Each structure stands twice: as C-alpha cells, then as structure tokens.
Amino acid sequence: MFIINLTYKTELERVDQFLEEHIEYLNEHYELGHFLASGRKVPRTGGIILSDVQSKSKLENIIAKDPFKQNELADYELTEFVPSKTCEELKFLME
C-alpha cells in the first residue's frame, strides 16, 4: 500500500484549470481498484491518495498519467507501508 502525497508547486488558479481532468483520472483509477481514498489537504496545498497498488514502478507509471503530473503542477512523494491494524471496515487491506 502507498500514500501518495501531492504538493502543488504552482498557484491554485492554474491547478483549477486541470481539476476536472484530474478528477476523471482519479475516477478511472478508483474503477480499476488502484485507489482507495483521496482528498485535498487543509490548507489547500495539495492532496493525498491512498493506493493499493503493490508495485512502486507500476504506481509511478499510473502517476505519470495524472494531468497534475503531466502539466508539472505538483510534486509527488510516495510512502510505502504495510497496514498492521485497521478498523473493521478496512480489514480487507490486511488480507
């Protein structure tokens, strides 16, 4: 599992120009089962995505298709972790 930490490197007006495309990208990867949760940071300096993709190289290929990445709007930090405890609703993560 990975935490993807996006940090915007441009003004929000430019980010907002690509927001709809970014949402479509997220929706596609939710449908494919790659993403589990996502949202913006508070304050709005970027966002977080939780991914169940097992391979870092596969995840990097997926991220390369994000409109925010393609238009150089955000930096991406990947943190891999192995869940050892979850709430009941997320038990599937430990299987």
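Helices and strands are DSSP runs, the former of at least four residues and the latter of at least two, numbered from the N terminus.

**Figure 1. Overall fold of the protein chain in the predicted model.** By that count, the secondary structure of the protein chain consists of four helices and four strands. Their order along the sequence is β-α-α-β-β-α-α-β. The C-alpha atoms fit in a box of roughly 40 × 25 × 20 Å along the principal axes. The radius of gyration of the protein chain is 14 Å, which agrees with the value near 12 Å for a compact globule of 95 residues. Among contacts with a separation of 6 or more, 66% join residues 24 or more positions apart.

**Figure 2. Surface and charge of the protein chain.** The accessible surface of the protein chain amounts to about 6,100 Å², and carbon and sulfur atoms contribute 50% of this area. Of the 95 residues, 33% are buried. The side chains include 11 positive and 18 negative ones. The centres of these two sets of charges are 4 Å apart.

**Figure 3. Aromatic pair of Tyr25 and Phe35.** Three aromatic pairs are found in a search of the whole structure. In the pair shown, the ring centres of Tyr25 and Phe35 lie 6.0 Å apart and the planes meet at 65°, so the pair is edge-to-face; planes count as edge-to-face when they are over 60 degrees apart. Tyr25 belongs to helix H2 (residues 19-31) and Phe35 to strand E2 (residues 35-40), so the pair ties together parts that are ten residues apart in sequence. Tyr25 has a relative accessible area of 5% and is therefore buried. Phe35 is also buried, because its relative accessible area is 3%. The cut-off for a buried residue is under 20% relative accessible area.

**Figure 4. Aromatic cluster of Tyr25, Tyr30 and Phe35.** Phe35, buried at a relative accessible area of 3%, forms an aromatic pair with Tyr30. This pair is edge-to-face, with 6.2 Å centre to centre and 85° between the planes. Tyr30 is partly exposed, because its relative accessible area is 31%. Tyr25, Tyr30 and Phe35 make up one aromatic cluster.

**Figure 5. Surroundings of Lys56 in helix H3.** Helix H3 covers residues 56-63 and includes Lys56. The relative accessible area of Lys56 is 42%, so this residue is partly exposed. Apart from neighbours within four places in sequence, Lys56 is in contact with Phe2 and Leu78. Pro67 lies eleven residues from Lys56 along the chain, and the C-alpha atoms of these two residues are separated by 19 Å.

**Figure 6. Surroundings of Gln70 in helix H4.** Gln70 is placed in helix H4, which covers residues 67-70. With a relative accessible area of 52%, Gln70 is exposed, because the cut-off for an exposed residue is over 50%. When neighbours within four places in sequence are left aside, Gln70 is in contact with Ala64 and Lys65.

Definitions and conventions
Residues are numbered from 1 along each chain as its sequence is written. This is a predicted model: local features need pLDDT of at least 70, side-chain atom pairs count only at pLDDT 80 or more; totals for chains, interfaces and linings use all residues. Side-chain values use heavy atoms; hydrogens and water are left out. The radius of gyration is taken over C-alpha atoms; the globule rule is 2.2 Å times the number of residues to the power 0.38. Buried means under 20% relative accessible area, exposed over 50%, partly exposed in between (1.4 Å probe, protein chains only). Contact means heavy atoms within 4.5 Å. Accessible areas come from the Shrake-Rupley method with a 1.4 Å probe; for residues, only the protein chains shown count as cover. Lys and Arg count as positive and Asp and Glu as negative; His and the chain ends are not counted. The place of a charge is taken as NZ of Lys, CZ of Arg, CG of Asp or CD of Glu. Rings of Phe, Tyr and Trp (its six-membered ring) pair if their centres lie within 6.5 Å; planes under 30 degrees apart count as stacked, over 60 as edge-to-face and the rest as tilted.
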